[in-house]
Amino acid sequence: MGYIEQLGANAKAAAPFLAGCDDVAKSAAMGEVARRLNENPAGLIEANRLDVENARKNGMSEALIDRLTLDEKRIAGMTEGVMQVCGLPDPIGEIISQKTLPNGLTVTQKRVPMGVIGIIYESRPNVTLDAAALCFKAGSAVILRGGSDAFNSNKYLADLMRRTIADFDIPADCIQLVEDTSREVANAMMKADKYIDLLIPRGGGGLIRNVIENATVPVIHTGEGNCHVFVDESADLDMAVKIVNNAKTQRPSVCNAIESILVHEKIAAEFFKKLDGLWQGKVKIVGDKATAGFLKVEKIAGDEDYAAEFLDLKLSSKVVESLDEAISHINKFGTGHSECIVTSSSQNAERFQRLVDAAAVYVNASTRFTDGFEFGLGAEIGISTQKLHARGPMGLREITAYKYLINGEGQIRG
């Protein structure tokens, strides 16, 4: 039996025990993980320091190093997310629907655990805790495959969780880390459909495409975020500058940061003047010829720029003639993640939200809010950019399945 097959067999054996645990046991065990980590973050910070050192030696960009780095504030946020998950209603056992047929059969649709969930992700060790907490609460065993860049952080977290749940007499193999970070093992995980019921990739476009193209395990598309803000002709320009600034610069390395701005031609001169006064060259811009008439641009943007996820202090810009041109541009180049319009027109707001094809569509608010924690879901397992099964921030219900329970009194089909 190969390495991934062994992890899969371990998870398959542990999953029924977790599926039978009540909410009190699951929440107590995961709450203890959060408590131990919160009271003593030093071990994780030290493990993370080694990862950051190695990343810098290997020439990782500062944007990606920001994704990798943990400090006490970020760890506190991670543990708060876990505690939110612990406090949420347990979805397992929820009666989704129930009816009695004319023949007397009672048909009940009931929420059940997925079984075994695999997560493949890159340099964000917070995903290790977020994903494990959500899968655990939702009654599913999880196999975590993080990137080599975050190996020390991921192993520290996985070991802590395994020790802690074992203290509550729950099999440690409900949470497993793939410690071989080679491409071959990742590919084996993508094809382990005998053991893994659902695979969720989290990371850049290359990772997500690789999983989608190679997996035989069912996959949920997540993460890649080419997000836009459209500044409408009726926008409050001070508000627009504030939203664009937050959505681009507050944390540029994450998938809900914007990568492009679209500006109505009627207010472009005044808007760009205000934005340039704030940024003063801090954010690099590639744009169309109209944008270049107002701002210094690195180059005239082409389709490859409008399709890019920069994950850095850089964005593309285009001046548009109308709301419909902005919607068309977004639907062509967007990734179905998060889009925003800044407007004072309720009619334009309604049309934008109705026609833009994305999981989260904002009016007069930063795209940075597309997050399970911010939406009140607790930690999230990813942002689904597809339409089947789950869309947007994926909380507990989005990682469960259901089954039909049929009770009768001897009925047979004629």
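**Cysteines**

I began with C86 and looked up its accessibility in this predicted model: with a relative accessible area of 12%, C86 is buried, because anything under 20% counts as such. I then asked how many disulfides the structure holds, and the count came to zero. C86, accordingly listed in no disulfide, has the sulfur of C21 as its nearest cysteine sulfur, 13 Å away. For C174 I found the nearest cysteine sulfur to be that of C21 as well, at 7.1 Å, and since a disulfide needs two cysteine sulfur atoms within 2.5 Å, C174 is in no disulfide either. I also noted that C174 has a relative accessibility of 0% and counts as buried.

**The six-stranded sheet**

Next I turned to the strands and wrote down an open sheet of six, in the order β9-β10-β8-β7-β11-β12, with parallel pairing. Which strands stand at the edges? They are β9, residues 284-287, and β12, residues 360-363; each has a single partner strand, so one side of each is left without a neighbour in the sheet. On average, and with direction ignored, I read a turn of 20 degrees between neighbouring strands of this sheet.

Within the sheet I followed one pair more carefully, namely β8 (residues 258-264) and β10 (residues 314-320), which pair in the parallel sense over five bridges. Here H264 stands opposite V320 in β10.

**A helix across the sheet**

I then checked helix α15, which spans residues 346-355 and lies across β7 (227-231), β11 (338-342) and β12. Against β12, the helix α15 runs at about 170 degrees.

**The chain as a whole**

For the overall picture I noted that the secondary structure of the chain comes to 15 helices and 15 strands. What radius of gyration does the chain have, and does it agree or disagree with that of a compact globule? The chain has 23 Å, and because a compact globule of 414 residues would have a value near 22 Å, the two agree. Taken along the principal axes, the box filled by the C-alpha atoms is roughly 75 × 60 × 40 Å.

I looked up burial for the whole chain too, and 53% of its 414 residues count as buried. Among the contacts with a separation of 6 or more, 72% come from residues 24 or more positions apart. Last, I recorded an accessible surface of about 18,000 Å² for the chain, with 49% of this surface belonging to carbon and sulfur atoms.

Key. Residues are numbered from 1 along each chain as its sequence is written. This is a predicted model: local features need pLDDT of at least 70, side-chain atom pairs count only at pLDDT 80 or more; totals for chains, interfaces and linings use all residues. Side-chain values use heavy atoms; hydrogens and water are left out. Buried means under 20% relative accessible area, exposed over 50%, partly exposed in between (1.4 Å probe, protein chains only). Two strands pair if DSSP finds at least two bridges between them. Helices (H or I, at least four residues) and strands (E, at least two) are DSSP runs, numbered from the N terminus. Axes are lines fitted to C-alpha atoms, for helices over the stretch in contact, and angles run from 0 to 180 degrees between N-to-C directions. Contact means heavy atoms within 4.5 Å. The radius of gyration is taken over C-alpha atoms; the globule rule is 2.2 Å times the number of residues to the power 0.38. Accessible areas come from the Shrake-Rupley method with a 1.4 Å probe; for residues, only the protein chains shown count as cover.
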